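Work through the exercises below with the sequence and the model side by side. Try each task before reading its solution.

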Amino acid sequence: MERIIGIDLGTTNSLSATVFEDGPEVIGLDDEASVTPSVLSWTDSGWLVGREAKDRRISNPENTVYSVKRLMGRDMAELGTIVKDLPYKIVEAQRQLVKVRVGSREFTPQELSAEILKKVKLKAEAILGESIGKAVVTVPAYFDDAQRQSTRDAARIAGLDVVRIVNEPTAAAIAYGLDEKKDGYVAVYDLGGGTFDISILKLTGKIFKVVATHGNTQLGGDDFDRAVVDTLKARIKQKHPDAEFNDPETMQILKKTAETIKIDLSLTTETSYSFALPKLGLLIEGSFNIEEFESLIAPMVEQTLESCRHVLHEAKLTLKEIGEVVLVGGSTVVTSVRKQIESFFGRPPHVAIDPYKVVAIGAGIQGHLLAGGRRDFLLLDVIPLALGIETLGGTFSKIITGNSTIPIEESETFTTNVDDQTSIDVNIFQGERELIKDCRALGQFKLKGIPAMKAGFPLVEVMFRVDANGILTVSAKEKRSGKKAEIEVIPFHGLTQFEIERIMDDSFEHAIDDFNDRQLIEFRQTAERVFRGIEQTWDIAEKALGAADREKIQKQIEVVRQSMKGQDSQALKAELDMLGDLTRPLADTAMGQTILSELQSEV
Ligand code: ADP
Ligand code: MG
């Protein structure tokens, strides 16, 4: 069976996918590697494509071409103001089409798109270890015949036979297996880097038809970045009124920082930044919180909802008639975007598949079926890797174990290690290793306002809930005071099948080391608590024990201290047990109780 891969040829990013033994997945060793930015930069030795080219967008704007997709199959008149907004030169060519001028050369949009497709094809061939000749390529639902034909031409130039052109929203719906469901309407909300589309699909007997589409070709995540850049500039101006931001390097740094802040705020409620602007001789530091970010993007999110209202009206449908909602595009990871869509449509959208991969995955499935493959793989209905939180000393406490079926809910109760702690950081991780440094951070939040209590008194219940859509909600509640806080994250995002396999292999390989490391950390903590207990009740020991016994205890404390510096968890445990034995005669006293209960809780 000759493989037919799926390719999402995007305005901002392009990627490919296929069906592996374990099911459909994007092709690439990891998250970063699977994505090819749809950017090209001309150099003396030809085109640079993808990531290397992206970095030259600001440093070398005349020779760097992006958003080629906007030019496909369009003439000057149709392009309108787009031409003015793009930094590279666009010129008229025969038959009213356009070309891009770079230096003294001119290229058609098809040739440029072909360079991107070639790169995607090469990457896929390297990973799959086979040559690829056929593909399913996706295009926006609103693409007309000329635009579709240009896309086919681009693929042919790249050496790919396009078996089928599929609409992006249709591919996304297929990725979720919605074509297998009962007939009805599906809304696909796609917010990418520079464009927004909403499409309504009608499913009749496994076939999707686009019944209405609407959107904004000038609205996307890049505008979120721009709003953050403007805020950063305003903040810098406050302190340095003469600062100028026009030079390319400064702009690039601000843009990159803004995108990082935005992405951080999909994982956490507050993020700090610190960066240098060498051209201005400034070091900038500060923080951004989710409320500030959400109020910046609110008008843009509202515009997308306006489009949703419009498209429903056009399709003569009411909200109730929409059976499923699918999210597409990197920008739908933004928490407030996702929440507002949910409240607009009155139902949780499908999000379990990474929204930047979902179109490629749908195309990959389509290619697999066209090549004669079967659709017998299961979609994400288990959690591939354990989920949990960081506990003292950098250990990973698993709350939901890997391979659990969703939906699922688990909770565990923790306490504080320091007296009078009034806030607790809940850091959420995913992985199979014992220490968080070997796991992947998913998000974090702070539980504030806990009344001051002695260490060990607060009862913090941490609850993990993964719903049927794969959304993880982590909440923490201090039971004595009733203080609560929570955050929502999507645990699957960003991991490819390859990465999951690698993480599982790693955890197996490191299982023994990890266990020792973890025990060391835990026994050291136990020792500290035992020391504290002994110190706090030493006056009782002075009355209850003879001088010789007290000296033995002091000596053993020293032995334990030495052992704590070593790396042998079992040796430390043995010395700690010895300390426990020495204090056993004090079982009736408060001190004995403390120590023994500490030691017992370790078994
Ligand atoms: P396109 O369809 O235009 O090719 P994508 O779907 O790849 O675009 O989306 C790219 C956009 O998604 C960029 O603006 C990027 O900053 C944004 N993005 C990617 N990951 C995240 C994230 N975790 N949180 C918020 N925005 C993100
Ligand atoms: Mg896209």
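The protein chain has an average pLDDT of 88, and 94% of its residues score at least 70; pLDDT is the predictor's confidence in each residue, from 0 to 100. This is a predicted model, so local features need pLDDT of at least 70 and side-chain atom pairs count only at pLDDT 80 or more, while totals for chains, interfaces and linings use all residues. Residues are numbered from 1 along each chain as its sequence is written, chains are lettered from A and ligands numbered from 1 in the order in which they are written, and side-chain values use heavy atoms, with hydrogens and water left out.

**Exercise 1. Overall description**

Task: Find how many helices and strands the protein chain has, and what share of its residues is buried.

Solution:
- Step 1. Count the elements: 18 helices and 26 strands. Helices (H or I, at least four residues) and strands (E, at least two) are DSSP runs, numbered from the N terminus.
- Step 2. Take the burial. Of 603 residues, 51% are buried. Buried means under 20% relative accessible area, exposed over 50%, and partly exposed in between (1.4 Å probe, protein chains only).
- Step 3. Box the C-alpha atoms along the principal axes. The box is roughly 105 × 65 × 50 Å.
- Step 4. Take the surface. The chain exposes about 27,900 Å², and carbon and sulfur atoms supply 50% of it. The areas come from the Shrake-Rupley method with a 1.4 Å probe; for residues, only the protein chains shown count as cover.
- Step 5. Sort the contacts (heavy atoms within 4.5 Å). Among those between residues at least 6 apart in sequence, 65% join residues at least 24 apart.

**Exercise 2. Confidence by element**

Task: Which elements have the lowest and the highest mean pLDDT?

Solution:
- Step 1. Helix α18 (residues 590–600) has the lowest mean, 52.
- Step 2. Strand β1 (residues 4–9) has the highest, 98.

**Exercise 3. Helix length**

Task: Check the span of helix α6 (residues 109–128) against the expected value.

Solution:
- Step 1. The expected span of a helix is 1.5 Å times one less than its number of residues.
- Step 2. For the 20 residues of α6 this gives 28 Å.
- Step 3. The end C-alpha atoms are 28 Å apart, which agrees.
- Step 4. Look past the helix end. Glycine 129 follows α6, with a positive phi near 65 degrees.

**Exercise 4. The cover of α12**

Task: Which residues of helix α12 (residues 335–345) are buried, and what covers them?

Solution:
- Step 1. The buried residues are Thr335, Ser336, Val337, Arg338, Ile341, Phe344 and Phe345.
- Step 2. Recall the helix geometry. An α-helix has 3.6 residues a turn, so residues three or four places apart point the same way.
- Step 3. The cover includes strands β13 (184–191), β14 (196–204), β18 and β26 (484–489), along with helices α9 (221–239) and α11.
- Step 4. Glycine 346 follows α12, and its phi is positive, near 70 degrees.

**Exercise 5. Backbone geometry**

Task: Compare the settings of serine 67 and lysine 316. Then find the peptide bond that leads into proline 407.

Solution:
- Step 1. Serine 67 has a positive phi near 55 degrees, in a residue other than glycine. Serine 67 lies in the loop between β7 (64–66) and α4 (76–79).
- Step 2. Lysine 316 also has a positive phi, near 55 degrees. Its loop runs between α11 (290–314) and β18 (322–328).
- Step 3. Serine 67 is buried because its relative accessibility is 8%. Lysine 316 is exposed, at 72%.
- Step 4. The bond from isoleucine 406 to proline 407 is cis, with omega near 0 degrees. Proline 407 sits in the loop between β20 (395–400) and β21 (408–414).

**Exercise 6. Two residues and their contacts**

Task: Are glutamate 168 and serine 475 buried or exposed, and what do they touch?

Solution:
- Step 1. Glutamate 168 is in helix α8 (residues 168–175). At 7% relative accessibility, glutamate 168 is buried.
- Step 2. Leave out residues up to four places away in sequence. Glutamate 168 then touches Asp8, Leu9, Lys69, Thr138, Val139, Pro140, Asp190 and Val359.
- Step 3. Serine 475 is in strand β25 (residues 472–478). Its relative accessible area is 13%, so serine 475 is buried.
- Step 4. With the same exclusion, serine 475 touches Phe445, Glu461, Val462, Met463, Ala485 and Glu486.
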